[in-house]
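Good morning. I have one model to go through today, and I will take it topic by topic. Please look at the structure while I talk.

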Amino acid sequence: MERCWKRVAALSLATVLLVACSGQRPAAVQESDAPASPSSPTPGGRLVYGLSADANGLNPVTDQFAAQSYSMVGTIIEPLVSTDADGDWKPYLAESLTPSKTYDEWAIKIREGITFHDGIALTGAVVKANLEAQKASPLNNAVLLPVESIELTDPMTVTVKLKQPWVAFPSYLDAQIGMIVPPSSLRDPKTASLKPVGTGPFIFKEYVPDSRMVVTKNPGYWRKGLPYLDEVEFRILPDSQTRAQTLEAGGIDAMGTSRDEDITKYGALKDAYSVHRAQGMAIAEYAFMLNTATAPLDDVRVRRALAHATDRQAVISTLRGGLTEEADGPWSKDSAWYSDAGDYPAYDLAKATALVKEVEAEKGPVRFEVISTPDPNTMQGVELAQDMWRKAGIEVSIKQADQADLINRAVTGNYGATVWTAFSSSDPDEEYIWMHQAYAKPVGEISLNFTRLKDERLSKAFDIGRTNPDEGARKQAYATVQERLREQVPYVFIDHLSTGAVIARANVHGIEERTLPDGEKGLPLTGSPIPYHPFAHLWVSPR
């Protein structure tokens with residue numbers, strides 16, 4: 001029973017990795033510091049790319065996806081929808097997505113002339129089968145609860161009928177839920193987890209778990225002229241220092257990193273390396289997530305005391321080399337969705353201490369446990385917060401747990417507080433299931449609203465944002481969301497985690513040169529804490 005419970009909990013959190021961590025469609029283009037590229041791409045060549053972790057399986061229907069999953073699988077399997085440089089969704093494998101007047105139906109027309117690597121044609125029936133498999137999957141069914149039916153309108157058109165209006169529905173189809181595989185992968189999901197097949201620019205060649213994956217150029221790719229590279233090898237190098245040393249030694253050509261020292265070091269070597277960072281909504285927020293359903297964190301005074309006692313700038317100076325900016329909510333100030341409604345509890349140790357004393361006079365000592373993974377960098381941040389909170393009179397103990405255990409405890413409510421990184425989706429609707437009160441279940445039950453905050457005003461605002469197509473009404477709704485988060489403090493926000501970067505040797509080009517099928521500039525860099533990007537436009541010049 002325990003094993004089954006943990007499996008369900010882990011599957012539930014997979015959607016966090018999909019929506020919150022994978023980070024889709026930021027509202028601003030990435031920052032880069034790159035040497036000038038030659039004017040024309042040179043076809044051919046091989047790229048070796050260092051990743052921080054292996055994928056947890058390569059099947060978008062059955063496996064948990066994180067940033068490294070999208071790097072690897074995205075070369076092979078493509079989504080129905082992509083994102084332009086402004087953060088707006090655009091059709092990709094789909095030719096168009098058309099809503100009904102009331103936004104409770106979406107007609108998805110599929111592009112003609114696309115085939116999978118196994119020779120099977122991409123059709124409406126295949127897309128319908130994929131979406132039905134996603135809806136039936138324990139991995140993603142919570143996201144697709146508003147879907148009532150999926151119908152084949154004509155051979156190349158699928159109509160998704162909803163239980164309510166859903167104006168941001170296409171935004172979900174540019175990630176795991178919208179990635180389309182052939183019928184053979186749906187019939188044999190275990191094989192698909194190890195040997196993926198798709199419509200993408202590269203074809204699967206080899207996969208050695210925890211070591212490497214190799215893909216080769218798809219000569220029949222539907223986007224003529226792409227890809228430029230003949231082969232890409234993804235090499236799994238979990239240790240960040242080893243990854244950097246391998247880059248310097250020439251063992252890899254590019255890598256992902258989240259270390260501020262890497263950004264500083266390689267950014268100063270402009271003739272030898274390029275540094276690429278995402279901005280805007282692509283950047284996740286680093287925070288402490290609080291369980292509002294258990295004492296003492298069920299008392300908003302305690303939660304506000306924690307925020308008042310947290311010196312965010314000291315954390316940034318100590319842990320980020322001063323490279324990030326303070327966060328006061330789920331969206332950064334350069335986002336179109338940002339609002340300054342309400343006042344986030346600013347650093348004020350005197351106010352924090354007074355609130356703690358007030359609670360202690362009524363209820364006794366304020367004490368709880370923070371869960372952290374054993375990673376040294378993570379532990380350093382937790383210990384820093386522990387010291388800050390102690391100065392306000394709050395007793396905090398730290399318990400280490402591996403990621404799987406931490407996830408299970410968050411899902412079931414068996415925690416007081418924990419470190420969390422989330423909120424990297426460009427459309428605020430994608431935070432709906434993580435914060436709406438309908439997804440807040442009692443402690444002991446699986447809850448996708450991990451803080452278990454039940455706030456009617458916040459939930460009604462999310463409902464308006466989901467169902468109202470008027471942009472002004474949506475922005476006002478999400479202003480209310482930010483106001484309520486600052487008042488209720490289910491998260492102690494620290495900073496916008498912008499130290500995630502892709503660093504490449506100077507002969508690697510094209511990270512910023514992605515175009516979409518309609519010719520528009522696409523968003524090349526997304527995801528957090530380490531961003532990912534497509535590989536079809538990458539090319540290498542002789543060193």
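**Charged pairs, cavities and backbone**

I begin with a single side chain: Arg46 counts as partly exposed, because its relative accessibility is 38%. Before I come to its partner, a word on what we are looking at. This is a predicted model, and the average pLDDT over the protein chain is 91. A pLDDT of at least 70 is reached by 93% of the residues. The stretch to treat separately is residues 1-31, where the pLDDT is below 50. In the model this stretch has 116 contacts beyond near neighbours in sequence, so keep the pLDDT, the predictor's confidence in each residue, in mind when you look at them.

Now the charged pairs. Side chains of opposite charge can pair when their charged atoms come close. How many salt bridges does the count come to? The count is 29. I will take three of these pairs in turn.

Which residue does Arg46 pair with? The partner is Glu231, and the closest N and O atoms of the two are 2.4 Å apart. Arg46 sits in strand β2, residues 46-51, and Glu231 in strand β11, residues 231-236, so this salt bridge ties together parts that are 185 residues apart in sequence. Is Glu231 buried or exposed? Glu231 has a relative accessibility of 14% and therefore counts as buried, while Arg46, at 38%, is partly exposed. The pair does not stand alone: Arg46, Lys205, Glu231, Glu233 and Arg235 are linked in a network of salt bridges.

The second pair is Arg301 with Glu362, where the closest N and O atoms are 2.9 Å apart. Both partners are helical: Arg301 is in α8, residues 300-309, and Glu362 is in α10, residues 349-363, so the parts tied together are 61 residues apart in sequence. The two ends of this bridge fall into opposite classes by accessibility. Arg301 counts as buried because its value is 17%, and Glu362 counts as exposed because its value is 54%.

The third pair is Asp429 and Arg466, whose side chains meet in a salt bridge at 2.8 Å, N to O. Asp429 is in the loop between β18 (417-422) and α13 (432-435), and Arg466 is in helix α14, residues 456-467, so the pair ties together parts 37 residues apart in sequence. Here both Asp429 and Arg466 are buried.

Next, the empty space inside. Rolling a probe the size of a water molecule over the atoms shows where empty space is left. There are six cavities of 30 Å³ or more. How much space lies in the largest cavity? The figure is about 480 Å³. This cavity is lined by 31 residues, and the closest to its centre are Pro79, Ser82, Arg514, Tyr532 and Pro534. Two elements give two or more residues to the lining, namely α2 (67-73) and β3 (81-83). The largest share is that of β3, with three residues. By type, the lining divides into 16 nonpolar, 10 polar and five charged residues.

On to the backbone, starting with cis peptide bonds. Leu226 and Pro227 are joined by one, with omega about -5 degrees. Pro227 is in the loop between β10 (212-217) and β11, and β11 is also the strand that holds Glu231. Another cis bond runs from Ala295 to Pro296, with omega near 0 degrees. Pro296 is in the loop between β14 (285-290) and α8, and α8 is the helix that holds Arg301.

Then the positive phi angles outside glycine. Asp210 has a phi near 65 degrees and is placed in the loop between β9 (202-208) and β10. With a relative accessibility of 62%, Asp210 counts as exposed. Phe423 is not a glycine either, and its phi is about 70 degrees. Is Phe423 buried or exposed? Phe423 is buried, because its relative accessible area is 2%. Its place is the loop between β18 and α13, the loop that also holds Asp429.

One last residue, Asp402. Asp402 lies in the loop between β17 (395-400) and α12 (403-412) and is partly exposed, because its relative accessible area is 49%. The C-alpha atoms of Asp402 and Ile371 are separated by 9.5 Å, and these residues are 31 apart along the chain.

That is what I had to show.

Definitions and conventions
Residues are numbered from 1 along each chain as its sequence is written. This is a predicted model: local features need pLDDT of at least 70, side-chain atom pairs count only at pLDDT 80 or more; totals for chains, interfaces and linings use all residues. Side-chain values use heavy atoms; hydrogens and water are left out. A salt bridge is a side-chain nitrogen of Lys or Arg within 4 Å of a carboxyl oxygen of Asp or Glu. Helices (H or I, at least four residues) and strands (E, at least two) are DSSP runs, numbered from the N terminus. Buried means under 20% relative accessible area, exposed over 50%, partly exposed in between (1.4 Å probe, protein chains only). On a 1 Å grid over the protein atoms alone, a cavity is a set of points where a 1.4 Å probe fits but cannot get out, and a pocket is an open set with protein on both sides within 12 Å along at least five of seven lines; lining residues have an atom within 4 Å of a point. Grid points are joined across faces, edges and corners, and a volume is the space filled by probe spheres set on the points. Ala, Val, Leu, Ile, Met, Phe, Trp, Tyr, Cys and Pro count as nonpolar, Asp, Glu, Lys and Arg as charged, and the others, Gly among them, as polar. pLDDT is the predictor's confidence in each residue, from 0 to 100. Contact means heavy atoms within 4.5 Å.
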